[in-house]
Amino acid sequence: MNQLWTLATTWYSTRLQENSRRPQADEMRSIFADLGLEGDFWDPQSDTFG
Amino acid sequence: MSLDTQTKLAIYRCFAETGQRPSLEAVAETVGSDVSSVREAYVSLRAERVLVLEPDGESIRMAPPFSGVPTQHVVIVDERKYFANCAWDSFGIPATLHRPGRVHSRCEQSGEPLSLEIGLEGPPPCSWLFHCLVPAAKWWDDIVFT
């Protein structure tokens, strides 16, 4: 649940602000890696899954 | 500020303040523009993956973490009811609002109702697990299913 809270705050804590934006692929990869979420499943640009 | 940004803020602020999705006409009125221009902004926001529309091209299905339609993930913040798109987004609503809240949902394995208090620093320690079924590269192939 702590991982999920970190993801939620990283994605959404600035969502009501003018300059907010969704993380880009390389940023997502870094965010997931910091949480120990690695491998093809968590790679937003993986072509493993067709 | 660009019309895309004005439109995004109008949508998100409506969700934050009411728990409900705004109509296309209401967004146009808020940003002081015409419906056609706001519809074009919707297309841009969809491409940025901050907006998901219904097939009619104007009804808002998702402005993540908010859902424009009722879901099993109900979030109560300051006595206002919100619907989230998924478990991740149910945490995302208190994170977006910077307010504590309570998440009501259910365990997808057992069907058991779940209720979890979310503080400003997140949820309390618990043994629940978030199961992500779809690989990250495929999330937006069908974001409603994801």
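Which residue forms a salt bridge with A:Arg29? The partner is A:Asp43, and the closest N and O atoms are 3.1 Å apart. A salt bridge here is a side-chain nitrogen of Lys or Arg within 4 Å of a carboxyl oxygen of Asp or Glu. Side chains of opposite charge can pair when their charged atoms come close.

This is a predicted model, in which local features need pLDDT of at least 70 and side-chain atom pairs count only at pLDDT 80 or more, while totals for chains, interfaces and linings use all residues. Residues are numbered from 1 along each chain as its sequence is written, chains are lettered from A and ligands numbered from 1 in the order in which they are written, and side-chain values use heavy atoms, with hydrogens and water left out.

**Salt bridges**

The whole structure holds 9 salt bridges over all chains. Three of the pairs are listed here.

| Pair | Closest N to O |
|---|---|
| A:Arg29 and A:Asp43 | 3.1 Å |
| B:Glu54 and B:Arg61 | 3.9 Å |
| B:Glu117 and B:Arg102 | 2.5 Å |

Take the chain A pair, A:Arg29 and A:Asp43. It links distant parts of the chain, 14 residues apart. A:Arg29 sits in helix H2 (residues 25–34), and A:Asp43 in the segment after H2. Helices (H or I, at least four residues) and strands (E, at least two) are DSSP runs, numbered from the N terminus.

How covered are these two? Buried means under 20% relative accessible area, exposed over 50%, and partly exposed in between (1.4 Å probe, protein chains only). A:Asp43 is buried, at 19%. A:Arg29 is partly exposed, at 32%.

Now chain B. B:Glu117 forms a salt bridge with B:Arg102. B:Glu117 lies in strand E7 (residues 113–118) and B:Arg102 in strand E6 (residues 101–106), so the pair ties together parts that are 15 residues apart in sequence. B:Glu117 is partly exposed, with a relative accessible area of 39%. B:Arg102 is also partly exposed, at 29%. Elsewhere, salt bridges that share partners join B:Arg21, B:Glu54 and B:Arg61 into one network. Within that network, B:Arg61 is partly exposed, at 24%.

**Chain A as a whole**

Chain A has 2 helices and 0 strands. Its C-alpha atoms fill a box of roughly 35 × 25 × 15 Å, taken along the principal axes. Of the 50 residues in chain A, 42% are buried.
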